[in-house]
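Reader: Could you walk me through this one while I have it open? I'd like to go contact by contact and then look at the bigger picture.

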Protein chains: 2
Amino acid sequence: MSEKKRGRPRAFDAKVTLEKAREVFWDRGFAGTSLDTLSAATQLNRPSLYGAFGDKEDLYIDALEGYRAESMGVLADALDPSLPLRENLARVYQRALAIYLHGETAARGCFLIGTATAEAIQHERVREVLSRSLDDFDGEIEKRMKLAIERGELPDGSDPHTLARLASAVMHSLAVRARAGDSRETLEALAQSGVDMICGKA
Amino acid sequence: MSEKKRGRPRAFDAKVTLEKAREVFWDRGFAGTSLDTLSAATQLNRPSLYGAFGDKEDLYIDALEGYRAESMGVLADALDPSLPLRENLARVYQRALAIYLHGETAARGCFLIGTATAEAIQHERVREVLSRSLDDFDGEIEKRMKLAIERGELPDGSDPHTLARLASAVMHSLAVRARAGDSRETLEALAQSGVDMICGKA
DNA sequence: ATTATTTTATGCGAAACGGTACAAAATGAG
DNA sequence: CTCATTTTGTACCGTTTCGCATAAAATAAT
């Protein structure tokens, strides 16, 4: 895995650097972030940044991909099939909010929905990542819905595809509203409404 | 209303100019749009633009406000109380999609959710407009839900506040997914699911 | 006609932008 | 030790950015 390379070794951890870059992009968006800002945040000079990740768009795409991958991990964990569907959904929203409300200045919402959406028209690669991320999320939720139907956790005749997209819609709304500055209480209430909408009022 | 002013008259219509500027911001976002691009699109040189609207952020805020106002008009019209709730909601989503899918390159989604969300962290005024827009939309929908409950269009014990926010959530999802490139059919299916979720499966 | 007022057009200017050339530094290979 | 290789830091490149200074043009008031 880690063969020693020939030349001068890197003085930084690419993964850590990518996380720092993500923080900056998250707050400022892609177009609103300069290489100088990225350089300062990562404590790498521009040539090192360029050598390791390519140009600004490459770096942004990398950051998006990392976020997508992490998010899918969080989602899979929240959807632990040994728990009831209602609890699964509540966990999904709860963990999303923990991420969305983490911002220092104001809540940042979802990195993808909050920043990639804006670039999706002009940058096709960004749109591709965004689209794939939404689809992956939908797919994972839908799998859980199918399982719920098999187990009788949902009424007969329920359509897993439809339910998954409605559950995702609540997620998208949380993402936008968190970035618009809605309070934690407001967002938690919406999350609860989403759970009740899918699973029935408790 | 229109008293003749003293100096040299304007050679442009501010309202038309604002609409052209909005188109550019819609495709490229705030940070991704340069004054040169705006100048070319509006066929005004920068000083004229500056004199009429202020700096780039002022112009963007103006464009957002115009969109918000128009959207509320469209919403009020779609919610014509002489029609059943189910039809009202279907009209709301249908008209939203007509706007969201209007883009030339790719579908543009919602101007506010697609571009203002990205700037909401760094630009407080943008966040304020975004937040207010979401609230206004929620409020108008909630009013219609209350009416529906009075009329018996919804089950007893329905909570208009919750229903409004769920209906809005579907809207937010349409906004994001349109900009991510989802097909018209996919979006219309989600809209239909939203109507059924609120009003019951037909 | 003269003056005051407002808009238009050219063009400047300082700063920020993304990206890279180049040499020094740090490692492994031979 | 010497050389090839890779990363690092400085400095720079040409371009683009936003905003404005300035003067010409077009109108109303006097």
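Reader: Which atom of DNA strand C is 3.2 Å from an N or O atom in the side chain of A:Arg8?

Author: That atom is a base nitrogen of DNA strand C, which lies 3.2 Å from an N or O atom in the A:Arg8 side chain; please keep in mind that this is a predicted model.

Reader: And how much of what the protein meets on DNA strand C is sugar or phosphate?

Author: Among the atoms of DNA strand C within 4 Å of the protein, 70% are sugar or phosphate atoms, and the rest belong to bases. Two backbone contacts illustrate the former part: an N or O atom of the A:Leu35 backbone is 2.6 Å from a phosphate oxygen of DNA strand C, and one of the A:Arg6 backbone is 3.0 Å from a sugar or linking oxygen of DNA strand C.

Reader: Which helices supply at least two residues each of the surface near DNA strand C?

Author: They are helix H2 (35-42) and helix H3 (46-53) of chain A, together with helix H3 (46-53) of chain B. By class, that surface has eight nonpolar, six polar and eleven charged residues.

Reader: Now DNA strand D: which residues come nearest?

Author: Of the 26 residues around DNA strand D, the nearest are A:Ala11, B:Arg6, B:Leu35, B:Arg46 and B:Tyr50. A backbone N or O atom of B:Arg6 is 2.9 Å from a sugar or linking oxygen of DNA strand D, while the side chain of B:Lys56 has an N or O atom 3.0 Å from a phosphate oxygen of DNA strand D.

Reader: How are the two protein chains related, by what turn and shift?

Author: A turn of 180° with a shift of 0.0 Å along the axis lays chain B on chain A with an RMSD of 0.0 Å, and the two copies are thus related as by a two-fold rotation axis. They also meet through the same surface, because 100% of the interface residues of chain B are interface residues in chain A as well.

Reader: Switching topic, how many disulfides are there over all chains?

Author: A search of the whole structure finds zero. For A:Cys110, the nearest cysteine sulfur is that of B:Cys110, 17 Å away, whereas a disulfide would need the sulfur atoms within 2.5 Å.

Reader: Is A:Cys110 buried or exposed, and what about A:Cys199?

Author: A:Cys110 is buried, because its relative accessible area is 6%, whereas A:Cys199, at 21%, is partly exposed.

Note on methods:
Residues are numbered from 1 along each chain as its sequence is written. Chains are lettered from A and ligands numbered from 1 in the order in which they are written. This is a predicted model: local features need pLDDT of at least 70, side-chain atom pairs count only at pLDDT 80 or more; totals for chains, interfaces and linings use all residues. Side-chain values use heavy atoms; hydrogens and water are left out. Copies are superposed by least squares on the C-alpha atoms of residues with pLDDT of at least 70 in both. Contact means heavy atoms within 4.5 Å. Buried means under 20% relative accessible area, exposed over 50%, partly exposed in between (1.4 Å probe, protein chains only). A residue is near a molecule or strand if one of its heavy atoms lies within 4 Å of it. A polar contact is a pair of N or O atoms within 3.5 Å; within protein, one must be able to donate a hydrogen and the other to accept it, and residues adjacent in sequence count only if both atoms are side-chain atoms. Helices (H or I, at least four residues) and strands (E, at least two) are DSSP runs, numbered from the N terminus. Ala, Val, Leu, Ile, Met, Phe, Trp, Tyr, Cys and Pro count as nonpolar, Asp, Glu, Lys and Arg as charged, and the others, Gly among them, as polar.
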